[in-house]
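Subject: The structure we talked about

Hello,

Here is the structure I promised to pass on. Have a look at it first, and then read on for what I found in it.

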Amino acid sequence: MISKPGLYLVGGVAAVVLVASGFYLKDGSRRSDALILYGNMDIRQVELSFHDPERVEQILVQEGERVKRGQLLATQALERFQYSRDQAAAKVDVQQHQLDKLLHGSRPQEIGKAGNDVKAAEAAVVLAKKELVRFQALVKRKLSSAESLDRAQAQYDAARENLQALKQQYALTEIGPRREDIQAAQAQLKADQAALQLADKVLADARLYAPQDGVVQNRILEPGDMANAQKPVLTLALREPLWARTYVAEADLGRLRYGLPASLASDSFPDKSYRGWVGYMSPTAEFTPKTVETTELRTSLVYQVRIYTCDPDDQLRLGMPVTVTIDTQQAPMAQPSCEPAP
């Protein structure tokens, strides 16, 4: 048995231990290497819209549905866009034929025809000259009027001019198209091809695809509604990156570093922790975010911190409260990622 003085001694030692323990617990958050933060899950949201105005033909997803990157989500009425595309393609074909015609030059048949026209014009000049000589002789013998001689002279001059024009045309036919004409046709073909590419892009933009993996959050328009670039059709919540938005006091900001490992816990899944890391620290301070603030609370400045995390089982939701634990003594991760280590 222990005597009463011994009991008093043991009790005193126990009291000292409890007081010391109480002091440690009271001040443990400051002395501990673990930094505990509280926040809410946050994600990025994307508003998806069509580029050109047209009525919505169909929407293929519902709210809450998970979608994959590149998945078709909605389409517009395509007839008008298809007609514009076909028209642009026809213009390209026409201009391509025009350019091919210039590049191939004159056909042998065209050159032959131009030569025959020159020969016919030469014969016409010979005939006109004979007529002129005959009328000159008749006028001298006063067997014809001066007007007939003038008419024969005009026909002879016209035949000579026509012969010169046909000779020039024959020379041009042999040479072929001018280089400037070919270059102009090539430039026009490029313009028509660009118009065709634009028509293809407009037709492609009439189909709405998911830019990333995510969840359909809102279905804003319905089939039959008029859609354009200013009217979102769907709101998509992106699953990656996923982070917890927390706030840290200035006194604890120096304990954080980019890539510092962290673990997250949620009341919805109390027996499970999620791996994470410090991915963002705001460079500017802000007042403590509160729905209702007092003068004292508004004087407390904090810094926003994002703790990126991995959620392979798709359990974390937007706005879900989480508790973040960061061991500030650990080394930062070199390349934080949700991919498993090799």
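Two strands count as paired if DSSP finds at least two bridges between them. By that rule, four strands of this predicted model make up an open sheet, in the order β6-β5-β3-β8, with antiparallel pairing. At its edges are β6 (207-209) and β8 (226-227), each of which pairs on one side only. Inside the sheet, β3 and β5 run antiparallel and are joined by three bridges; in this part, Ile59 stands opposite Ala74 of β5.

Strand β5 also holds Gln76, which is worth a click. Is its side chain buried or exposed? Gln76 is buried, since its relative accessible area is 2%, and the cut-off for buried is under 20%. A polar atom of the Gln76 side chain lies 3.2 Å from the backbone oxygen of Glu54. Leaving out neighbours within four places in sequence, the contacts of Gln76 include Phe50, Asp52, Pro53, Arg55, Phe81 and Ala227.

Some of those names come back at Asn228, a residue in the loop between β8 and β9 (234-238). Its side chain reaches two backbone nitrogens: that of Gln230 at 2.9 Å and that of Lys231 at 3.1 Å. Beyond four places in sequence, Asn228 is in contact with Ser49, Phe50, Asp52 and Pro53.

Next, the helix α3, residues 79-104. Its 26 residues reach 38 Å from the first C-alpha to the last, close to the 38 Å expected at 1.5 Å a residue. Which of its residues are buried? They are Phe81, Ala88, Ala89, Val92, Gln95 and Leu99. The cover over these buried residues includes β3 (54-59), β5 (72-76) and α6 (179-205).

Another set of strands is worth following along the chain. Strand β1 (residues 34-42) is joined to β10 (residues 242-249) by four bridges, and the two run antiparallel; here Gly39 stands opposite Thr246. In turn, β10 is joined by eight bridges to β14 (residues 301-309), again antiparallel. One bridge there has Leu242 and Thr309 as partners.

Now for the nonpolar cores. In soluble globular proteins, nonpolar side chains tend to be buried together. The largest nonpolar core in this model has 23 residues, and those that touch the most other members are Met41, Leu256, Leu264, Ile307, Val324 and Ile326. At least two residues of this core come from each of β1, β10, β11 (261-266), β12 (269-281), β14 and β15 (321-327). Met41 is a good place to start looking: outside its neighbours within four places in sequence, its contacts include Leu242, Trp243, Leu264, Thr309, Leu318 and Val322. Apart from this core lies another, of 17 residues, among them Val56, Val61, Ala210 and Leu221.

Finally, a word on confidence. The average pLDDT of the chain is 82, and 83% of the residues score at least 70. Which stretches should you treat with care? Residues 1-31 stay under 50, and the model has three contacts for them beyond four places in sequence. Residues 291-295 also stay under 50, again with three such contacts. Where pLDDT is low, the predicted coordinates should not be read in detail.

Happy browsing, and best wishes

Note on methods
Residues numbered from 1 in each chain as written. Predicted model: local features only at pLDDT ≥ 70, side-chain atom pairs only at ≥ 80, totals over all residues. Heavy atoms only, no water. Expected span 1.5 Å × (residues − 1). Buried < 20%, exposed > 50% of the residue type's maximum accessible area, 1.4 Å probe, protein only. Contact = heavy atoms within 4.5 Å. Core = buried A, V, L, I, M, F, W, Y, C linked by side-chain atoms within 4.5 Å. pLDDT = per-residue confidence, 0-100. Polar contact = N/O pair within 3.5 Å; in protein donor to acceptor, adjacent residues only side chain to side chain.
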